[in-house]
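Got your viewer open? Let's take a short walk through this one, picking selections as we go.

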Amino acid sequence: MKDPNQVKDLTSASTADLLAAAPRPASVPITVLCGFLGAGKTTLLNQLLSQQEGQKIAVIVNEFGAVNIDASLVVKTDETITELSNGCICCTLRGDLLQAVDQLLAERDLDAILIESTGIGEPLPIAQSFCLSPAELELDPSLPNLLGRVHVDAMITVVDAAQFFSLWNRPDTIEGDEFGRGFGELLAEQLEFADIVVLNKVDIAAPSDVQQLRELIALTNPRAQIMEAERGQLDARTLLNVQLFDQQVLEELPAWGEELQKEHIPESEEFGLSTFVYRQARPLDVTKLHLLLRGGLPSNIIRSKGWVRFADDDLATLWNHTGKLLALEGTGYWADPQQAVTEVVFIGQHLDDQARQTLTQMLDSAVA
Ligand SMILES: Nc1nc2c(ncn2[C@@H]2O[C@H](COP(=O)(O)OP(=O)(O)OP(=O)(O)O)[C@@H](O)[C@H]2O)c(=O)[nH]1
Ligand SMILES: [Mg+2]
Ligand SMILES: [Zn+2]
């Protein structure tokens, strides 16, 4: 039998009361991993995912190059992995980011979304994408509005503590910049708008560099939590669901409004960065490649990564190079050795036809 009081209550309730009583999907927390090329974002992402048993997590991996190597490196669990390639989610792929998140929300009930930015992405515009409507972001107003459906939990910047200052002091400058600024500009922004800064690679970093980084962050972003890590090994409870992002604090910074007003030139353009993919179907000779790499890569190549197929084994070898460090590690067997090809993505400055040709000739000389 119906309770007459309940019927009466409902009929007298206002529309607002009824809406409030209806189950509302909770806003999904988003954690964004930023940090320069090769700092250790994917390494940290994998550490975090390995600690999330039973959680429904979606992962978005953004690569500046046309080939998404990172997506193949994210640990295989039941997480959905969305690949956004060939651009940057802080600028050229902003609309794609909104659409990707909207689609994830439509497809699944989620506990969290983890996003890995490209190494040249800026945290502030990425955060703004989840704080403002498409119209406020001056994007196509028909793009999905995520307000109220997601919120930023924390912006995390990963730093290569071993190579930070060599990049910071790199003489290359932004073309035409009246103050002669270079990569330091981007590195500073990545530190400035982070809620958490992970000083990674402390195993190979000079203690004086780690200390200097702490001092720099204390000066430029005193509200950031600083953590030191080796291969991103940190307790996920200190990084996820921490509610450290504070929109109000950011809104008060002059940079918030400036970012919305200025024309955002993609960092790739600003720093003259582009990518080149080397592909080779014939297997490489391991000794030849090692000898060739002993001389180092051209200094205009800042980051390179991909897969190498060697002639004498069926191991898929991961090529992972950042700044002055290059690692070649066998990570497992090719799913189909007949189809295996060497594919390495190079990210660097001045990657014109001549530079591409030089790289191609160099690597071709290692063909078995
Ligand atoms: N020695 C040392 N190497 C590390 C550490 N963390 C990561 N690496 C290595 O650094 C290289 C780059 O790591 P990734 O996690 O791919 O870096 P990333 O920031 O995701 O790189 P991009 O996505 O290309 O910008 C890899 O060869 C890692 O194995 C660390 O703490 N110590
Ligand atoms: Mg990565
Ligand atoms: Zn960008």
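Before you click anything, keep in mind that this is a predicted model.

**Stop one: the ligand.** Select ligand 1 and show what is around it. You should find 23 surrounding residues, with K41, T42, T43, G119 and N320 the closest. Now colour by element: α3 (41-49), β9 (301-309) and β10 (315-322) each give two or more residues to that shell. Which element gives the most? That is α3, with three residues.

Next, colour the shell around ligand 1 by residue type. You get ten polar residues, eight charged and five nonpolar.

**Stop two: zoom out to the domains.** Select 28-270 as domain 1 and 273-364 as domain 2. Ligand 1 lies between the two, because both domains give residues to its shell.

**Stop three: two backbone oddities.** Most residues other than glycine have a negative phi. Here are two that don't follow suit.

Go to E138, in the loop that runs between α6 (123-129) and β5 (150-160). Its phi is positive, near 60 degrees, and it is not a glycine. Is E138 buried or exposed? Neither quite: E138 is partly exposed, because 13 other C-beta atoms lie within 10 Å, and the buried class begins at 20.

Then jump to K201, in the loop between β6 (196-200) and α9 (207-220). This non-glycine residue also has a positive phi, about 65 degrees. K201 has 27 C-beta neighbours inside 10 Å, so K201 counts as buried.

Notes. Residues numbered from 1 in each chain as written. Chains lettered and ligands numbered in written order. Predicted model: local features only at pLDDT ≥ 70, side-chain atom pairs only at ≥ 80, totals over all residues. Helix = DSSP H or I, 4+ residues; strand = E, 2+ residues; numbered from the N terminus. Buried ≥ 20, exposed ≤ 12 C-beta atoms within 10 Å, placed from the backbone. Near = placed C-beta within 6 Å. Nonpolar A, V, L, I, M, F, W, Y, C, P; charged D, E, K, R; others polar. Domains from an automatic or database assignment.
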